[in-house]
Amino acid sequence: MFLQQLLNSIAIGSVYALTSMGATLIYGILGILDIANAGAYVLGAYLGLLFYSLSGNILIAFVVTMIITGLFGILIQKYVYRPLLSQPAYIPLIASIGIFIFIENIIRLIAGPTIKEFTVNLPFQSLNFANLHINNVWVLIFIVALILMFLLWYLLKMTKIGLAWRATAQDLDIAKTMGINTNRVISLNFFLGYSFAASAGILIGILYNSIYPTMGSVVSYKMLAIIVLGGLGNPFGTLVAALLIGFIETMVGAYIGFFIPRNAIAFVALVIILLISPQGLFTQKSRI
Amino acid sequence: MKRKVFSLILVVIMVLAFNSLAMAQDDPIKLGFFAPVTGPAAADGESALNSAKLAIEVINEKGGIDGREVELVNYDDHLDSKQSVSIAQKLTTRDNVVAVVSGSYSGTTRPAANIYQNAKVPMISAYAIHPDIPKSGDYIFQQSFPGPVQGKVGGYMAVDNLGAQKIAILYVDNDFGNTLNDNFQKYVEDKGAEVVYVDSFAIGEREFNPVLTKIKGLNPDLIYVVAYAGEGAAIMRQSVDVGIEAQILGTEGMDSTTQFLQVAGDAAEGLIITTNLNRDSEEEQVRDYINRYTEKYGFAPDMVGASTYDGFMLLAHVMRQVGPDSEAIKDAMYEVEDYMTNTGLLYRYNEIGEAVKPVQVQIVKDGEFHYYDQITDMDIIAP
């Protein structure tokens, strides 16, 4: 029973990690709380279903969706955030909320408000042994999360563009004077941030076999709790924070009961942890 | 000359004014409507709006009300009670509708009901079932049986029909869920069954593995689930995943073909729900409604749509008798007797404005809802 709940919590935590990673990357480099990332999550889920039904191949659907959503991220960055960069932080925040609402409603108008099924037959089945259940979509989520995290780590630590990225994250203006093409770095950052969100949207769509225009609304605020807890803009911290929130939610639900809504537990945990450690779990030093 | 032109214009204006007065009799009769067409309940909102439009079409096809056309004045409340209140003000003061159908949830319909009551405009709540809604006053009616009745019928099905002794409950934390849970729990406990677990969840929740794992450990005979289509489908699928074998008893919240049955798939087999729409009904009007709706919109209607349609048909039925006058409609509603709706035979309205109707029990077989039982016992269904 405890072991099953632990597995449940890891699955939920991985889902959170994947959904918050895009916004973490963007906060890490520009210091913008990108609520619109939850819009990319919804957009990704719908494009994923579209390309899956067109191609019949989930891998193709993943790749094409991630590229298109990533390009969409570049456009948002170029035409919405870049002109607002010199403004106080709350202005891009409001813009990002606006974009999120816009995306949700455009999708509702085109695809309709009803829940659509996202049934994908995976080449491997769910596992059941010794009273434990491991869902096959969880396995897929672990695998995709691992691949994406590895790619991110490799890009940031092992490549020249990663170095430029870290430099830009530390100080945009100085990086620029050092000859780094910061616009390109920021574009890459948004590309990855939005394509991560898109992959999360597809995976969650498959996990619950349903996508709908408002599927991003819980994500949009829970993502904030997780990236704040993870030390704002720190991918590793976000991963740990996501697993921790997944664990706390599951264990509170399993052993105490939902005396408050499950989605509020993340925020209670956030408040308690911030009271003890105001920097979040990880300090800014280890950010990107 | 100038004076002549002026008086001519005056005459023209007066003629036009008289003309429009005379025309007023032939103006369409306005019926108000609001539903959450955008926002978190957009799917139900659209279902309700589709049926409202279909109902108006059908009423006009049959010659309207004594030859006068009926016009739908509809608004989107975004599932926001501030919106539903301001819509109520608009409908009653600016649009001057003769009656209103609510296609929205209890949370939005409750505060709006007071405004309709004060404006003396009859309102029929299509599927919002909170018991306080009809208590707002004598102009406020419910199309469907009130929530407490459905909760009681759930309890009756669980204990008396399915013989459950150990029961777990999962309900959505809003007016709908709380009303049904309270009445279900009271009934089963009075009958001596044991409630081993009760938990609630927020609208939009999709992750039930932790809760269901816990419920599995408690080994209940039956799980009572008060959820909407999305949450309900997640519960059904995940309960199969964690290996729960107990019978699951649901409510009208899961009564949706595209949104619930298709998403839940095989996991929904054997589910029993309490609702107001009998899909196997032999009644011609029910078949007509289901066929016509499916033809027009490309998918089968649900109880939300059927209830909304019934609300308008009931208004049309009453207006054909007493004319499009708000007060006369209100009085005539209390006189309605044994009126056949898509959602069962409406026996009558009680003095509060609650519908006395049979409750349908449906079971999921081969991916479709089918007849399982119909509860007509007055001891259970009388509000």
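What radius of gyration does chain A have, and what would a compact globule with 288 residues have? Chain A has 19 Å, and a compact globule would have a value near 19 Å, so the two agree. This is a predicted model. The points below take chain A, then chain B, and then selected residues and strands.

**Chain A: fold and dimensions**

- Chain A holds 11 helices and 2 strands.
- Its elements run α-α-α-α-β-β-α-α-α-α-α-α-α along the sequence.
- The C-alpha trace of chain A spans about 60 × 50 × 35 Å along its principal axes.
- Buried residues account for 55% of the 288 residues in chain A.
- Take the contacts in chain A with a separation of 6 or more: 78% of them are between residues 24 or more positions apart.

**Chain A: surface and charge**

- Chain A has an accessible surface of about 12,400 Å².
- Carbon and sulfur atoms contribute 72% of that surface in chain A.
- Chain A carries 13 positive and 6 negative charges.
- The mean positions of these two sets in chain A are 8 Å apart.

**Chain A: two residues with distant partners in sequence**

- Leu132(A) sits in strand β2 (residues 132–134) of chain A.
- The relative accessible area of Leu132(A) is 11%. Buried means under 20%, so Leu132(A) counts as buried.
- Gln4(A) is 128 residues away from Leu132(A) along the chain, yet their C-alpha atoms are separated by 5.8 Å.
- Beyond neighbours within four places in sequence, Leu132(A) is in contact with Leu3(A), Gln4(A), Leu7(A) and Leu127(A).
- Ala89(A) lies in the loop between α3 (58–84) and α4 (90–111) of chain A.
- Ala89(A) has a relative accessible area of 56% and is exposed.
- Between the C-alpha atoms of Ala89(A) and Gly31(A) there are 7.7 Å, with their positions 58 residues apart along the chain.

**Chain B: fold and dimensions**

- Chain B has 13 helices and 16 strands.
- The radius of gyration of chain B is 23 Å, close to the 21 Å that the globule rule gives for 383 residues; chain B is therefore as compact as a globular protein of that length.
- The C-alpha atoms of chain B fill a box of roughly 95 × 35 × 35 Å along the principal axes.
- Of the 383 residues in chain B, 59% are buried.
- Among contacts in chain B between residues at least 6 apart in sequence, those joining residues at least 24 apart make up 70%.

**Chain B: surface and charge**

- The exposed area of chain B is about 14,800 Å², with 49% of it from carbon and sulfur atoms.
- Chain B has 30 positive and 54 negative side chains.
- In chain B the centres of the positive and negative sets lie 9 Å apart.

**Chain B: strand β3 and its partners**

- Strand β3 of chain B covers residues 99–102.
- Ala99(B) and Val101(B) point one way from β3(B), while Val100(B) and Ser102(B) point the other way.
- In a regular strand, side chains alternate between the two faces of the sheet.
- Ala99(B), Val100(B), Val101(B) and Ser102(B) are all buried.
- β3(B) pairs in the parallel sense with strand β1 (residues 29–35) of chain B, over 4 bridges.
- In β3(B), Ser102(B) stands opposite Phe34(B).
- β3(B) also runs parallel to strand β4 (residues 123–125) of chain B, and 3 bridges join them.
- Met123(B) in β4(B) stands opposite Val100(B).

**Chain B: positive phi outside glycine**

- Asp66(B) is not a glycine, but its phi is positive, at about 50°.
- Asp66(B) belongs to the loop between α2 (42–61) and β2 (70–76) of chain B.
- Asp66(B) is exposed, and its relative accessible area is 63%.
- Asn219(B), also not a glycine, has a positive phi of about 55°.
- The loop between α7 (209–218) and β8 (222–226) of chain B holds Asn219(B).
- The relative accessible area of Asn219(B) is 55%, and the residue is exposed.

Notes. Residues numbered from 1 in each chain as written. Chains lettered and ligands numbered in written order. Predicted model: local features only at pLDDT ≥ 70, side-chain atom pairs only at ≥ 80, totals over all residues. Heavy atoms only, no water. Rg over C-alpha atoms; globule rule 2.2 N^0.38 Å. Buried < 20%, exposed > 50% of the residue type's maximum accessible area, 1.4 Å probe, protein only. Contact = heavy atoms within 4.5 Å. Areas by Shrake-Rupley, 256 points an atom, 1.4 Å probe, with all protein chains shown as cover. Lys, Arg positive; Asp, Glu negative; His and termini not counted. Charge placed at Lys NZ, Arg CZ, Asp CG, Glu CD. Pairing = 2+ DSSP bridges.
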